[in-house]
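Reader: I would like to go through this model with you and ask how each label was earned. Could you show me the sequence and structure before we begin?

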Amino acid sequence: MTLANVIIVGAGPAGIGVASLLQQTNIDYLILEKNDIGSSFSAWPVNMEMITPSFPSNAFGQMDLNSICEATSPAFAFSKEHLTGEEYAGYLMAVADNFDLKIQGDSEVVSVRQHRGDWLVVTNHDQYLAKYLIWAAGEFQNPQMANLEGAEHCIHNSLIRYPEMIKGDDFVVIGGYESGVQMAYNLVENGQSVILVN
């Protein structure tokens, strides 16, 4: 069993961002990641870009809007405002490398429970005991479809890697954030008819 003061589940923006702060303190931590750093961004459809533009929001030193830690900027790293998922994953990897973050890869969490006031986290390879647990596993790779009536007639965005391969003429896209708007845009660009429901 491995002991840590803080266990962070997930090496996406939240997990890497929190770990970059903890790395600058004396607080012991470990990130558990089942795939790779930023893997949910790497799995985005190839044409999808972030709607929120990356740039400092004013001239007084405020951070890049998509930055996860001080003195870093996805916009400056890639010289563009709207990053693709692959690019943003690259930014997260660069932050992890810069801070030399403690990340245990190939660690899928199978159970979490309290144990004598601490957290017992069991993965596919090991058990970890931590005083604090930060759940930063994200939503993109874990779509919640079970409670949506008619879900069997839908395709979740996380299952679409190449939007130009989708067959059909008329589509309804549910959700008006990054993934929904980008998918609607891609379908329209392919000459398909789209209704966007937000």
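Reader: Why does I195 count as exposed?

Author: Happy to start there, with the reminder that this is a predicted model. The relative accessibility of I195 is 53%, and exposed means over 50%, so I195 counts as exposed.

Reader: Where is I195 found, and what makes the nonpolar surface patch?

Author: I195 is in strand β8. Together with V172, I174 and V197, I195 makes a nonpolar surface patch of about 390 Å². Two strands, β7 (170-174) and β8 (193-197), each supply at least two residues of that patch. A patch residue needs over 30% relative accessible area, and I195 has 53% relative accessibility, so I195 passes that cut-off as well.

Reader: Now the sheet. What is the order of its strands?

Author: The order is β3-β2-β1-β6-β5-β4 in an open sheet of 6 strands, and the pairing is mixed. The edge strands, β3 (103-104) and β4 (109-115), each pair on one side only.

Reader: How do you know that β1 and β6 pair?

Author: Two strands need at least two bridges to count as a pair. β1 and β6 have 7 bridges, in the parallel sense, so they qualify. T2 stands opposite Y128 of β6.

Reader: And what makes β1 and β2 a pair?

Author: The cut-off is again at least two bridges, and β1 and β2 have 4, also in the parallel sense, so this pair is accepted too. V6 stands opposite Y29 in β2.

Reader: Why is the pairing called mixed, and which way do β5 and β6 run?

Author: Strand β5 (residues 118-123) and strand β6 (residues 127-135) run antiparallel, joined by 4 bridges, while β1 and β6 pair in the parallel sense. V121 has Y128 of β6 as its bridge partner. Strands of a sheet can pair in either a parallel or an antiparallel way; this sheet has both, so its pairing is called mixed.

Reader: Let's turn inward. Which residues have the most contacts inside the largest nonpolar core?

Author: They are I8, I16, Y29, I31, Y88 and L101, in a core of 25 residues. At least two residues of this core come from each of β1 (2-9), α1 (13-22), β2 (29-32) and α4 (85-99). The largest share, 7 residues, is from α4. Another core lies apart from this one, with 10 residues, including A4, I7, L30 and L32.

Reader: What is Y29 in contact with, beyond its neighbours within four places in sequence?

Author: Y29 is in contact with V6, I8, A19, L22, Q23, D100, L101 and K102. V6 is also the residue that stands opposite Y29 in the pairing of strands.

Reader: Which residues of α1 are buried, and what covers them?

Author: The buried ones in α1 are G15, I16, G17, A19, S20 and L22. Buried means under 20% relative accessible area. Their cover includes β1, β2, α4 and β3.

Reader: To finish, what does the chain look like as a whole?

Author: The chain has 5 helices and 8 strands, following the pattern β-α-β-α-α-α-β-β-β-β-β-α-β along the sequence. Buried residues make up 39% of its 198 residues. The C-alpha atoms fill a box of roughly 55 × 45 × 25 Å along the principal axes.

Note on methods:
Residues are numbered from 1 along each chain as its sequence is written. This is a predicted model: local features need pLDDT of at least 70, side-chain atom pairs count only at pLDDT 80 or more; totals for chains, interfaces and linings use all residues. Side-chain values use heavy atoms; hydrogens and water are left out. A nonpolar core is a set of buried Ala, Val, Leu, Ile, Met, Phe, Trp, Tyr and Cys residues joined through side-chain atoms within 4.5 Å. Buried means under 20% relative accessible area, exposed over 50%, partly exposed in between (1.4 Å probe, protein chains only). Contact means heavy atoms within 4.5 Å. Patches are made of residues with over 30% relative accessible area and no salt bridge: like charges are joined within 9 Å, nonpolar side chains (Val, Leu, Ile, Met, Phe, Trp, Tyr) within 5 Å. Accessible areas come from the Shrake-Rupley method with a 1.4 Å probe; for residues, only the protein chains shown count as cover. A salt bridge is a side-chain nitrogen of Lys or Arg within 4 Å of a carboxyl oxygen of Asp or Glu.
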